[in-house]
Amino acid sequence: MEVVRIIGGRSLAGTISISGAKNACLPLLAATLLTSETCTLRNVPNLSDVRFMIEILRHHGAQVVNDSPGTWKVTAADIQPHTPYELVRKMRASICLLGALVGRLRMADIAQPGGCVIGPRPIDLHLKGLTRLGCSVSHKNGYITVDATKAHGAYVFLGGRHGSTMTGTSNLIMAAVLTPGVTHIDSAACEPEVVDLCRMLQAMGARIDGTGSPRLVITGVEKLHGCDHTVLPDRIEAGTYLLAAAITDGEVTVNGAVNEHLGAFLDKLDEAGVSIDVINPASIRVRGDRSRCRPVDIITLPHPGFATDLQAQFSAMLTLIPGISLITERIYPNRFMHVPELQRMGADIAIEGPTAIIKGGVRLSGAPVMASDLRASAALILAGLAAKGETWVQRIYHLDRGYEQFDKRLASLGATIERLDASAMPGDYREEE
Ligand code: EPU
């Protein structure tokens with residue numbers, strides 16, 4: 001197993017370019033199953049989740065070829081509908097195949113994903129949506145079987161108790177584009193990644209109106225064709241690098257940070273006193289000066305609200321800013337696994353229900369810490385960059401699911417950070433095997 005070792009205290013400086021978005025790429029790869037023609041995807045990030053999704057497409061019978069770095073060609077001439085538990089268990093996002101299988105084959109047989117460390121991850125809305133379209137949905141032995149032979153366009157209200165659902169919306173869109181009749185989706189997710197999916201489907205011949213709004217109108221077509229699509233930049237990766245600059249009192253230009261994808265996040269960064277220059281619509285420079293920063297209150301919400309996927313990283317910065325900051329999680333009320341680890345580094349944070357109360361202004365000190373999930377790993381590394389002394393982050397396989405060469409790229413901005421074999425850690429720090 002590998003670990004990341006950081007020696008904190010260096011201000012980051014320079015320019016970094018953002019990769020394609022993981023959370024767009026997974027449904028985009030699934031969407032290639034909607035046609036027998038070849039789809040070319042460009043700007044595909046080299047991440048473990050993406051490599052795994054490619055493995056799943058191959059399992060379904062698609063031919064997947066790596067044309068050049070970041071470019072993949074998928075040809076799904078003949079595919080089968082069964083997605084086994086051993087695949088879904090490894091990556092719950094594989095559920096984004098559901099809509100593509102229903103759209104293309106008029107049937108799916110997919111293992112139901114469980115929850116994960118950030119909390120329960122139900123798919124009731126995905127199934128409600130398909131049922132509204134006239135699909136018959138049955139559960140047996142942990143599998144969901146969908147029969148869409150009688151499906152037709154319909155009105156679907158897709159909102160849930162936490163607002164819209166990203167993957168649920170993507171699944172329903174993929175099912176509806178090849179379902180006869182007109183489907184109205186109300187309370188659809190508006191995340192840029194969902195917009196990117198709509199753009200790719202439109203390029204394949206799908207008829208979708210209202211893209212980017214909570215009201216989508218989809219007119220089913222008989223067939224889709226191949227396409228050539230470039231994945232949009234990863235707004236969460238971009239936000240993470242902007243925070244890395246801010247937390248180290250550094251100055252970093254992030255190319256691929258799309259201003260309009262990061263509205264609520266940039267607003268909070270600005271409110272906290274971080275200096276932000278929007279160089280052009282897809283490039284942002286941040287200059288951090290913690291001595292001028294103020295505490296802020298944040299509530300995570302569906303897009304265009306503050307993204308839950310940037311909550312842990314922002315929390316790491318707020319631990320350093322004098323005063324009390326409040327962070328309320330409205331998407332995943334228990335998504336605070338990073339908190340006990342930040343506490344090990346000296347952070348003063350209390351959790352009250354879905355809210356973290358951060359008494360900022362402490363001096364973090366390096367410590368061995370354990371990453372629990374993707375965004376928590378990034379938060380702990382950011383904390384390590386600002387901490388005094390040496391931080392060792394364990395279980396960094398979580399990090400590799402969603403950040404391409406995070407350690408190397410931070411090093412290129414001047415961070416003292418390296419990836420080592422776990423055996424390099426002082427013995428008493430090491431996790432029991
Ligand atoms: N929800 C339901 N019922 C459903 C579906 C969702 O109640 O049928 C609830 C969820 O429990 C949650 C909220 O609705 O409270 C939003 O969930 P959503 O379906 O939007 O999440 P997701 O599509 O499963 C994606 C990202 C997550 C990101 C969330 C929220 C992918 C592969 N994952 O998950 O990304 O946190 O949207 O924006 O796109 C990450 O990248 O670290 C990550 C966890």
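Me: Which residues does Ser94 touch, not counting those up to four places away in sequence?
Reply: Ile56, Leu87, Val88 and Ile110 are in contact with Ser94. Contact here is read as heavy atoms within 4.5 Å. One thing to keep in mind as we go: this is a predicted model.

Me: Where is the place of Ser94?
Reply: Look for the loop between helix H3 (85-90) and H4; Ser94 sits there.

Me: Does Ser94 count as buried or exposed?
Reply: The general idea is a cut-off: a residue is called buried when its relative accessible area is under 20%. Ser94 has 0% relative accessibility, so it counts as buried.

Me: How many Å separate the C-alpha atoms of Ser94 and Glu329?
Reply: Those two C-alpha atoms are 25 Å apart, and along the chain the two residues are separated by 235 residues.

Me: Let's turn to a helix. Which residues of helix H5 are buried?
Reply: Start with the general idea. An α-helix has 3.6 residues a turn, so residues three or four places apart point the same way. Now the case here: H5 covers residues 124-132, and its buried residues are Leu125, His126, Leu127, Gly129 and Leu130.

Me: What do the buried residues of H5 pack against?
Reply: They pack against two helices, H4 (97-105) and H6 (166-176), and against the strands E8 (136-140), E9 (143-147) and E10 (155-157). Just past the helix, H5 is followed by Gly134, with a positive phi near 95°.

Me: Can we zoom in on one residue? Which residues is Leu127 in contact with, leaving aside neighbours within four places in sequence?
Reply: Leu127 lies in H5, and the residues in contact with it are Leu98, Val137, His139 and Ile144. Its relative accessibility is 10%, so Leu127 counts as buried. Also try finding Gly168: it is 41 residues from Leu127 in sequence, with 8.3 Å between their C-alpha atoms.

Me: Now the strands. In what order do the four strands of the open sheet come?
Reply: To read a sheet, walk across it from strand to strand. Here the order is E6-E7-E9-E8, with mixed pairing. E6 (82-83) and E8 are the edge strands; each has a single partner, so one side of each has no neighbour in the sheet.

Me: In what sense do E6 and E7 pair?
Reply: They pair in the parallel sense, over two bridges, with E7 covering residues 107-111. To find the spot, look at Thr83, which stands opposite Ile110 in E7. That Ile110 is also one of the residues Ser94 touches.

Me: Which strand pairs with E1 over six bridges?
Reply: That is E24 (residues 416-421), which pairs with E1 (residues 2-7) in the antiparallel sense. In this pair, Ile6 has Ile417 as its bridge partner. E1 is also joined by four bridges to E23 (residues 390-394), again running antiparallel, and there Val4 is matched with Val393.

Me: Let's step back to the whole chain. How many helices and strands does its secondary structure come to?
Reply: The count is 14 helices and 24 strands. The radius of gyration is 22 Å, close to the 22 Å given by the globule rule for 433 residues, so the chain is as compact as a globular protein of that length. Along the principal axes, the C-alpha atoms fill a box of roughly 60 × 40 × 40 Å.

Me: What percentage of the 433 residues do buried residues make up?
Reply: Buried residues make up 56% of them. As for contacts with a separation of 6 or more, 73% involve residues 24 or more positions apart.

Notes
Residues numbered from 1 in each chain as written. Predicted model: local features only at pLDDT ≥ 70, side-chain atom pairs only at ≥ 80, totals over all residues. Heavy atoms only, no water. Rg over C-alpha atoms; globule rule 2.2 N^0.38 Å. Buried < 20%, exposed > 50% of the residue type's maximum accessible area, 1.4 Å probe, protein only. Pairing = 2+ DSSP bridges.
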